[in-house]
Amino acid sequence: KQLFELFSHLVLLCKGGYLAYIGPTGNKSQDLVKYLEGISVIGKLQGDANPANWMLDEVGGGTNPNPEKQQQIVDAWKGSQPEQQLQSALQEQSEPAEGPSVYYEKSQTNPWYTQFFYLWIRASRIYRRSTEYVVVRALIILVFAIIFTSAYWRMDYYTEDIFLRLSFCYTTTFYCGLTFLISGITVLMGQRVTFYREKAAGMYT
């Protein structure tokens, strides 16, 4: 009871997320108790009972809720004096404040090359800290070097051999690039949330 009375405001919901009360609780929860007791379907708070337990029992927070009673509590909130006061306060807060409007000539404070510089530094740090990605790349390069070097071994320098060397260079580059791309997906996925947040905040041009 003493802990509950420390709260200055309360949001009370019925089952299904329907609003039953929102506002100040008052001194020793008197405002909350006075409002709930004003609803015909809610019983009076008896003596020294805990307002928190009484409130939850009345709105159907127990194991056997009464849907009809909950609906009447929700309907009582609509159009009540606390609800009207809440709407008035929200209306006042939603109106723009008087005074000169704020205008910025540029959407970003720094030019694109400054943004690129700091993004490059951050990407470099992420690359150095992603040890698994770096190790996998090094092993893949070593394996591909052994495989494709064995293919070049003992080749002559006729026209057909030169074209074979060119095709091997293309194949080596393609497979290395594809493997690096697939192994880097985990690193990129970890930074995607950060990028979306910064993009939505207007940090980039």
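V11 lies in strand 1, which spans residues 9-13; strands here are DSSP runs of E with at least two residues, helices are DSSP runs of H or I with at least four residues, and both are numbered from the N terminus. The model is a predicted one, in which local features need pLDDT of at least 70 and side-chain atom pairs count only at pLDDT 80 or more, whereas totals for chains, interfaces and linings use all residues. Residues are numbered from 1 along each chain as its sequence is written, and side-chain values use heavy atoms, with hydrogens and water left out. Not counting residues up to four places away in sequence, V11 touches L19, Y21 and I22, where contact means heavy atoms within 4.5 Å. The C-alpha atoms of V11 and I22, which are 11 residues apart along the chain, are separated by 4.4 Å.

The loop between strand 2 and helix 1 holds N27, K28 and S29. To describe burial, a residue is called buried under 20% relative accessible area, exposed over 50% and partly exposed in between, computed with a 1.4 Å probe on protein chains only. N27 is exposed, with a relative accessible area of 58%, and K28 is exposed at 56%, whereas S29 is buried at 0%. The backbone of this loop also deserves attention: K28 has a positive phi near 55° although K28 is a residue other than glycine, and S29, which is not a glycine either, has a positive phi of about 65°. The C-alpha atoms of N27 and M203, 176 residues apart along the chain, are separated by 46 Å.

Helix 1 contains E37, which counts as partly exposed at 22% relative accessibility. Leaving aside neighbours within four places in sequence, E37 is in contact with G43, K44, L45 and W54. The C-alpha atoms of E37 and M55, 18 residues apart along the chain, are separated by 9.9 Å.

Which residues of helix 3 are buried? In this helix, residues 67-77, they are K69, Q70, I73, V74 and W77. They cover an arc of only 140° around the axis, the arc being that of the directions from the helix axis to the C-beta atoms, and this puts them on the same side of helix 3. What covers these buried residues includes strand 2 (19-24), helix 1 (30-37), helix 2 (51-58) and helix 4 (81-94). At the start of helix 3, a side-chain oxygen of N66 reaches to within 3.2 Å of the backbone nitrogen of E68. Just after helix 3, G79 takes a positive phi of about 85°.

Further along the chain, helix 5 (residues 112-129) and helix 6 (residues 131-152) pack at an angle of about 70°, with their axes 5 Å apart. Axes are lines fitted to C-alpha atoms, for helices over the stretch in contact, and angles run from 0 to 180 degrees between N-to-C directions. Angles under 35 degrees count as roughly parallel, over 145 as roughly antiparallel, 65 to 115 as roughly perpendicular and the rest as oblique, and helix 5 and helix 6 are therefore roughly perpendicular to each other. In this contact, Y127, R128 and R129 of helix 5 meet T131, Y133, V134 and R137 of helix 6. The residues involved divide into 3 nonpolar, 1 polar and 3 charged, with Ala, Val, Leu, Ile, Met, Phe, Trp, Tyr, Cys and Pro counted as nonpolar, Asp, Glu, Lys and Arg as charged, and the others, Gly among them, as polar.

Is Y204, in the segment after helix 8 (185-200), buried or exposed? Y204 is buried, with a relative accessible area of 13%. Leaving aside neighbours within four places in sequence, Y204 is in contact with Q108, Q115, L119, R122, F195, E198 and K199. The C-alpha atoms of Y204 and Q72, 132 residues apart along the chain, are separated by 51 Å.

Key. Polar contact = N/O pair within 3.5 Å; in protein donor to acceptor, adjacent residues only side chain to side chain.
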